[in-house]
Amino acid sequence: MTENFRVMYAGLAQDIERSNAIKQLAVKLKAPESKVAAFFENNPLFAPCEKEKALKQAKLLASVGIKSKLQPINNAPAVSSSDATSQRDERIFNALDYITSSLIRIEEKLDDLEQRLAASTQQPDPDEGDEWQTDDLLLDEELTTPIKKRSNMLLYSLIAMVVVLLVVLGLSFAFPDLFSFMDN
């Protein structure tokens, strides 16, 4: 079995206030500030994980000015039933906490989308400011606009070409010797 580690609070960097560090970390993790504040009382913020992932978590904490330490968690197979129950309860609590924070993030995104939709539907049209003009008038104007007359030259030339071809076809049937030079 691989050894798991937990990131624990060790202190704050110089010139960092606790309240600012809590707010920054809560924003970065998209977690409630109460859970981040509990981390400063040596409550776990992250679930136990492999050393590589724990180091990444420590690096994230260092980016907001929080010093941390890695605490090894022993995965001994011989665990008493009360320890197994408490570990199971802790895993369930961590899973529920993760689900809750995910639901909160989804709810925030939905609220943001609702606000965007409401803002886009509430924007007034620039034409609504003109009280003297109504939609009925605009509709009438569009229907009474004159239709541009197109040149029928193309149509007449196509009709003339079809007539000429029909005449040539009729002549070829009537006088097959007349068009015999095409057979050679």
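Helices and strands here are DSSP runs, with at least four residues for a helix and at least two for a strand, numbered from the N terminus.

**Figure 1. The whole chain, read from start to end.** Keep in mind that this is a predicted model. Follow the sequence along and you meet the pattern β-α-α-α-β-α-α-α. That gives 6 helices and 2 strands in the chain. Of the 184 residues, 16% are buried.

**Figure 2. Tyr9 meets Phe39.** The structure holds 3 aromatic pairs, and this view zooms in on one of them, made by Tyr9 and Phe39. The two rings sit edge-to-face, with 6.1 Å from centre to centre and 75° between the planes. Their partners come from distant parts of the chain: Tyr9 belongs to strand E1 (residues 4-12), while Phe39 belongs to helix H2 (residues 33-39), and 30 residues separate them. Both Tyr9 and Phe39 are buried.

**Figure 3. Tyr9 also meets Phe40.** Here Tyr9 pairs with Phe40, again edge-to-face, at 4.8 Å centre to centre and with 65° between the planes. This pair, too, ties together distant parts of the chain, as Tyr9 is in strand E1 and Phe40 is in the loop between H2 and helix H3 (51-63), 31 residues apart. Why does Tyr9 count as buried? Its relative accessible area is 18%, and the buried label applies under 20%. Phe40 gets the buried label as well, because its relative accessibility is 6%. Put the ring pairs together and you have a cluster of Tyr9, Phe39 and Phe40.

**Figure 4. A nonpolar patch on the surface.** Eight names to look for: Ile92, Leu96, Tyr98, Ile99, Leu103, Ile106, Leu110 and Leu113 make up this patch. Together they offer about 800 Å² of accessible area. One of them, Tyr98, is found in helix H4. Is Tyr98 buried or exposed? Tyr98 counts as exposed because its relative accessibility is 56%, and the cut-off for exposed is over 50%.

**Figure 5. A negative patch with Asp111.** Now for some charge: Glu107, Glu108, Asp111 and Glu114 form a negative patch on the surface. Asp111 has its place in helix H4, which covers residues 81-122. With 36% relative accessibility, Asp111 counts as partly exposed, since that label covers the range between the under 20% of buried and the over 50% of exposed.

Technical notes. Residues are numbered from 1 along each chain as its sequence is written. This is a predicted model: local features need pLDDT of at least 70, side-chain atom pairs count only at pLDDT 80 or more; totals for chains, interfaces and linings use all residues. Side-chain values use heavy atoms; hydrogens and water are left out. Patches are made of residues with over 30% relative accessible area and no salt bridge: like charges are joined within 9 Å, nonpolar side chains (Val, Leu, Ile, Met, Phe, Trp, Tyr) within 5 Å. Accessible areas come from the Shrake-Rupley method with a 1.4 Å probe; for residues, only the protein chains shown count as cover. A salt bridge is a side-chain nitrogen of Lys or Arg within 4 Å of a carboxyl oxygen of Asp or Glu. Lys and Arg count as positive and Asp and Glu as negative; His and the chain ends are not counted. The place of a charge is taken as NZ of Lys, CZ of Arg, CG of Asp or CD of Glu. Buried means under 20% relative accessible area, exposed over 50%, partly exposed in between (1.4 Å probe, protein chains only). Rings of Phe, Tyr and Trp (its six-membered ring) pair if their centres lie within 6.5 Å; planes under 30 degrees apart count as stacked, over 60 as edge-to-face and the rest as tilted.
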